[in-house]
Amino acid sequence: MSDHRALLSQQALGFQSPALRQITLEVQAVGGINLGQGVSQLPVPEFVLEAADQAAKAGINRYTNPRGLESLRVALANKLAHFNKIDYLDPEREILVTCGATGAFEGVCASLLNPGDEVVIFEPYYPYHVQALKRYGAVIRFVMLRGRDFEVDWEGLEAAVNDKTKFVLVNTPGNPSGKVFNQGELKRIGEILERFPALIVTDEIYEYMAFDGFAHLSPASLPELRERTITIGGYSKTFSITGWRIGYAVAPAEIAEPIASVLDAVYVCAPAPLQEAVAQGIVRFDDAFYRDLNAKYERKRNMFVDGLRAIGMEPFVPEGAYYLLSRYDAIAPGMGSMEFVRHMIASTGVGAVPSSDFVRHPATAPWVRFCLALEDDRLERALERLGSLRPAVV
Ligand SMILES: Cc1ncc(COP(=O)(O)O)c(C=O)c1O
C-alpha cells in the first residue's frame, strides 16, 4: 500500500489552499510578525473566558440541541433586534448556532445549491466563500467592486443575475475590501433581484467594525429584503475567539430547518460550554463595549494607513472590518503579489496575504492585505520593519 494519493477524491485532488496558510508557515519559520491570516491576536474579554470556565465546570459539556443552546439563541435574538434591527425573530425556528460563520456558510451552501446553480459574489472576495461554492459545484458570477471606494459595478450585477441565481453573497463590512454597504446599495441589490426568486446571503462577521461614521447595516433589517435574506455572523472577531468556533445563521424557518439538519449530520453542534460563554458575553456587554471595540480598530487602521503611506505604499482606507488592503506597486513596480509577499517576509519578517487569494486576475491587482487585529506595539514593530522595504526594493 504505497500510492495513497491514488485513493483521493476529485474534491481533495482539486483543492487549493489559500496562500495565507503557506504564508503563516513562512512567517513562523523566520520568527516574524504575521499580518497575514485574519486571526485576532487580541485578548479575549476576561468575563467571557471566566464564563467558559464556569460553564464547563457546571457541566455544560454534552452535545447541545443541533440548533444550539437556547440561552445563546435567545441572546442572539435580542442582540439581532437591538443592534441589527432585525426584530421579532423566533429563536426556535429562525436562529441557528453554528461552528463559526464558516459552518453557517457551509450549511447554507449544502441546503441551497445543486451543481450548476449560480451564485453572484463581489470581487475582491473572501477566498473561503469561493472555495465552498466550488465544492458545491456552483457557477460563480463575479461582480467587481471598482475603484478606491470599491463601488459596485451595477451593470455587471444586472447582467450577472438570472433565473438560475440562487443567491447574491454580500459581505459587509467586507474582507478584504473593508467596504460597508450602505442602504442605497442594499436597496438597489434588492431591486435587481425583485424579478427573481434569488436570495441574499450576507456575511456580517465584522459587523462591529465600521469607521468614519459609516454604520453597519444588515440587509435583513430592510423590510423589503427580510424574507429573502439569510444572515451569517459570529463571535470569532468580536470576542477574539477564532478558535472557539461560535457563529450563527438567521434564515426563514423553511431554510433554517434544512441548514440545521445538514450541520447536525456533519458535526452535531458547536462546542457546548463555549456557546454558553458567548451567550453570557452577549447578555453582559452593553453598547459601550462595542463602541470601544470599534474605536480601538479605527485607531489601528489610522496608525497603519499613516505608516504605510510614509513607506510609500498606497493603502485603500477601509470603511470597516480589521484589514488593510494596500497597493505596493509604487515601491515594487512589476512584482507579482506572491513575489512581493515573499520579498517582504525575507527582508522584513512581516507577512501579509497576496491579492492572488482575493481576485481572479492578481496581475491587475498589485495589492496585499494586512490584518490589523494585533496589539498596537506589534503593529508598530511591523511598521518599523516595513520601513526598510522602500530602499530595499527601489
Ligand atoms: C468574511 C469572513 N467570513 C467568515 C470568516 C470566518 O469566521 P468564523 O471564524 O466565524 O468561521 C472570516 C474569517 O476571516 C471572514 O473574513
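**Entry 1: a strand pair**

How many bridges join β13 to strand β14? I looked this up in a predicted model, and I found 2 bridges between β13 and β14 (residues 367-371). The two strands run antiparallel. I then noted one of the residue pairs, in which P354 has V368 of β14 as its bridge partner.

**Entry 2: the sheet around this pair**

I traced the sheet next and recorded 4 strands in the order β10-β11-β14-β13. The sheet is open, and its pairing is antiparallel. Which strands stand at the edges? They are β10 (314-315) and β13 (353-354), and each has a single partner strand, so one side of each is left without a neighbour in the sheet. I also looked at what packs on the sheet, and I found helix α12 (residues 287-311) there. Helix α12 touches β10, β11 (323-327) and β14. The direction of α12 makes about 15° with that of β11.

**Entry 3: strand β14**

I turned to the pairing of β14 with β11, which is antiparallel and extends over 5 bridges. Here S326 stands opposite V368 in β14. V368 is thus a residue I had already met, as the bridge partner of P354.

Is β14 largely enclosed or largely open? I recorded 5 of the 5 residues of β14 as buried, so the strand is largely enclosed by the rest of the structure. In a regular strand, side chains alternate between the two faces of the sheet. I therefore listed the two sides of β14 separately, with W367, R369 and C371 on one and V368 and F370 on the other. Both faces are covered, as these residues are all buried.

**Entry 4: the ligand**

I next examined the surroundings of the ligand and noted 13 residues in its shell. The closest are G100, A101, T102, G234 and S236. Which helix gives the largest share of the shell? It is helix α5 (residues 100-112), with 3 residues. By class, I entered 9 polar, 3 nonpolar and 1 charged residue for the shell.

**Entry 5: backbone exceptions**

Most residues other than glycine have a negative phi, and most peptide bonds are trans. I therefore searched for departures from this pattern.

Two cis peptide bonds went into my notes. One runs from E123 to P124, with omega near 10°. P124 is in the loop between β3 (118-123) and α6 (127-135). Another joins T172 and P173, where omega is about -15°. I located P173 in the loop between β6 (165-171) and α8 (183-193).

I also recorded positive phi values. D212 is not a glycine, yet its phi is near 55°. The residue lies in the loop between β7 (199-203) and α9 (223-226). Is D212 buried or exposed? I found 12 C-beta neighbours inside 10 Å, so D212 counts as exposed, the cut-off being 12 or fewer.

V268, likewise not a glycine, has a positive phi of about 70°. I placed V268 in the loop between α10 (253-267) and α11 (272-284). V268 is exposed because 12 other C-beta atoms lie within 10 Å.

Terms used. Residues are numbered from 1 along each chain as its sequence is written. This is a predicted model: local features need pLDDT of at least 70, side-chain atom pairs count only at pLDDT 80 or more; totals for chains, interfaces and linings use all residues. A residue is buried if 20 or more other C-beta atoms lie within 10 Å of its own, exposed if 12 or fewer, and partly exposed in between; C-beta atoms are placed from the backbone. A residue is near a molecule or strand if its C-beta atom, placed from the backbone, lies within 6 Å of it. Ala, Val, Leu, Ile, Met, Phe, Trp, Tyr, Cys and Pro count as nonpolar, Asp, Glu, Lys and Arg as charged, and the others, Gly among them, as polar. Two strands pair if DSSP finds at least two bridges between them. Two residues are in contact if their C-beta atoms, placed from the backbone, lie within 7 Å. Axes are lines fitted to C-alpha atoms, for helices over the stretch in contact, and angles run from 0 to 180 degrees between N-to-C directions.
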